Amino acid sequence: MAALAQTLEGLTRRAILSAADSPRLQHLAYRFGMNVGVRRFVAGETLEEFLGVARRLNARGFLVAAGMLGEGVQAERDAAGVVHDYCHLARRIAAEGLRASIALKLTHLGLAIRAGLALDNVWAIVREAQRLGLFVRIDMEQSAYTDATLEIYRRLLSEGMTNVGTVLQAYLYRSQADLAALAPLRPNLRLVKGAYLEPPDVAFPKKGDVDRNLVALIEQSFAAGGFTAIATHDRRIIEQTIDLVARTGTPPERWEFQMLYGVRPALQDELRARGFSVRLAVPFGSQWYPYLMRRLAERPANLFFFAGALWRR
Ligand SMILES: Cc1cc2nc3c(=O)[nH]c(=O)nc-3n(C[C@H](O)[C@H](O)[C@H](O)COP(=O)(O)OP(=O)(O)OC[C@H]3O[C@@H](n4cnc5c(N)ncnc54)[C@H](O)[C@@H]3O)c2cc1C
């Protein structure tokens, strides 16, 4: 019975993630606008709306990771606009003294056009962030971009940029090897399960294997001696991390929990109340459709939430 439930959930997840690529559905979603429950996961469309949410979260003791929504940019001009907007965001965060880092996607900066363009663009943002004393996290996208993303991360480190980190996904078979290769650099890593549709030749199809691999990666990353962000809403893995921290004596400045704005808020509050460092990833902007679809795929029951919001319109 449990196996059947898992198979059904896997099928729903695949269907939702396929819908994430549908221009027709995307068009339809944007016609309905942001009111259909999207605000549960997204701070708003504007920078001002993001700043308001970030201020409130800081006041409640949460750290923030600011992300501008958008990915898969196809024109160099658009990518240049994204660089401009990220630098502006960084200056506003610094000017307001917010406890917030920046998170970005390399395909938002032109990685789907050419790797050199994404490198130049992320470089400009990381340099500006460095000047302002801010940290930049490079998100990990589909497996077709893993090599290029890790290469760009290494390049930034080799140029002395210490305010940058990236992400490894536990669903990929390769991630333990990638972490071992990065370990001598004492990397700053966010560890996640993985949010995209990947074929079984590159990613574990079974959730149990992904969960086990995430715990193994957390252990491996603690041993590597860099910084580890454990980004999950999985209570079992969170408790295992807390045990591991105690067992390995990993100090607070070398790790933190990260969660998504709007996902399991009671668990977020509980971890803060227990004294742990919790950073919330807070996205904003008008290109919310692919992000929303990934959040729906993670918990198909969210579909009912959105259906309800649509019904109430
Ligand atoms: C801060 C942060 C940054 C991330 N960055 C990346 C990245 O760069 N690349 C990438 O591929 N993925 C990224 N992810 C997404 C990640 O890969 C997973 O898809 C996502 O976190 C769900 O997995 P989970 O670890 O929470 O475990 P799950 O086993 O999926 O969920 C654990 C529990 O949380 C609940 N839950 C999970 N997601 C939701 C949701 N959307 N709504 C309501 N309840 C939910 C589940 O119902 C379950 O009870 C990021 C996640 C976080 C928290």
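Author: Contact here means heavy atoms within 4.5 Å. The model is predicted.

Reader: Which residues does R190 contact, leaving aside its neighbours within four places in sequence?

Author: Start with its place: R190 is in strand β5. Neighbours within four places in sequence are set aside. The contacts of R190 are then A103, R137, D139, T166, V167, L168, A229, A231 and Q258.

Reader: Is R190 buried or exposed?

Author: Buried means under 20% relative accessible area. R190 has a relative accessible area of 11%. Because 11% falls under that cut-off, R190 is buried.

Reader: Which side chain makes a polar contact with that of R190?

Author: A polar contact needs N or O atoms within 3.5 Å. The pair in question is 2.9 Å apart. The partner of the R190 side chain is D139.

Reader: Which residues are closest to the ligand?

Author: The ligand is surrounded by 26 residues. By class they are 10 nonpolar, six polar and 10 charged. The closest of the 26 are G194, K207, T232, H233 and E298.

Reader: Which element gives the largest share of the shell around the ligand?

Author: Elements that each supply at least two shell residues are β4 (164–169), β5 (188–192), β7 (255–260) and α11 (289–298). One of these supplies three residues, the largest share. That element is β7.

Reader: How far is a polar side-chain atom of Q169 from an oxygen atom of the ligand?

Author: The cut-off for a polar contact is 3.5 Å between N or O atoms. K193 meets it, with a side-chain N or O atom 2.7 Å from a ligand oxygen. T232 does too, at 2.6 Å from a ligand oxygen. For Q169 the distance is 2.9 Å.

Reader: What part of the ligand's accessible area does the protein cover?

Author: T232 is one of the residues with a side-chain N or O atom at a ligand oxygen, 2.6 Å away. On its own, the ligand has 920 Å² of accessible area. The part covered by the protein is 88%.

Reader: How many residues of α11 are buried?

Author: Helix α11 has 10 residues and is mostly covered. The buried ones are Y289, P290, Y291, L292, M293, R294, R295, L296 and A297. Of the 10, the buried number is nine.

Reader: Which residues touch the most other members of the largest nonpolar core?

Author: Nonpolar side chains tend to be buried together in soluble globular proteins. Here the largest nonpolar core has 79 residues. One of its members, F50, touches A43, V64, A66, L89, I93, V282 and F284, not counting residues up to four places away. Those touching the most other members are F50, L89 and L104.

Reader: Is T241 buried or exposed?

Author: T241 is in helix α9. Beyond four places in sequence, its contacts are I218, F222, I230, W255 and F257. Its relative accessibility is 1%, and the cut-off is under 20%, so T241 counts as buried.

Reader: Which backbone oxygen does the side chain of T241 reach?

Author: The distance is 2.8 Å. That is within the 3.5 Å allowed for a polar contact. The backbone oxygen belongs to I237.

Reader: How far apart in space are I238 and N163, C-alpha to C-alpha?

Author: I238 lies in helix α9 (residues 235–248). I238 is buried, at 0% relative accessible area. Along the sequence, I238 and N163 are 75 residues apart. In space, C-alpha to C-alpha, they are separated by 26 Å.

Reader: What distance separates the C-alpha atoms of A183 and A223?

Author: A183 sits in the loop between α7 and β5. Its relative accessible area is 23%, which makes A183 partly exposed. A183 and A223 are 40 residues apart along the chain. Their C-alpha atoms are separated by 8.7 Å.

Reader: What is the phi of R186?

Author: Most residues other than glycine have a negative phi. R186 is not a glycine, yet its phi is positive. R186 lies in the loop between α7 (175–182) and β5, and is exposed at 56% relative accessible area. Its phi is near 45°.

Reader: Where is R264, which has a positive phi of about 50°?

Author: R264 is not a glycine, although its phi is positive. R264 is partly exposed, with a relative accessible area of 41%. Its place is the loop between β7 and α10 (265–273).

Terms used: Residues are numbered from 1 along each chain as its sequence is written. This is a predicted model: local features need pLDDT of at least 70, side-chain atom pairs count only at pLDDT 80 or more; totals for chains, interfaces and linings use all residues. Side-chain values use heavy atoms; hydrogens and water are left out. A residue is near a molecule or strand if one of its heavy atoms lies within 4 Å of it. A polar contact is a pair of N or O atoms within 3.5 Å; within protein, one must be able to donate a hydrogen and the other to accept it, and residues adjacent in sequence count only if both atoms are side-chain atoms. Accessible areas come from the Shrake-Rupley method with a 1.4 Å probe; for residues, only the protein chains shown count as cover. Helices (H or I, at least four residues) and strands (E, at least two) are DSSP runs, numbered from the N terminus. Ala, Val, Leu, Ile, Met, Phe, Trp, Tyr, Cys and Pro count as nonpolar, Asp, Glu, Lys and Arg as charged, and the others, Gly among them, as polar. A nonpolar core is a set of buried Ala, Val, Leu, Ile, Met, Phe, Trp, Tyr and Cys residues joined through side-chain atoms within 4.5 Å. Buried means under 20% relative accessible area, exposed over 50%, partly exposed in between (1.4 Å probe, protein chains only).
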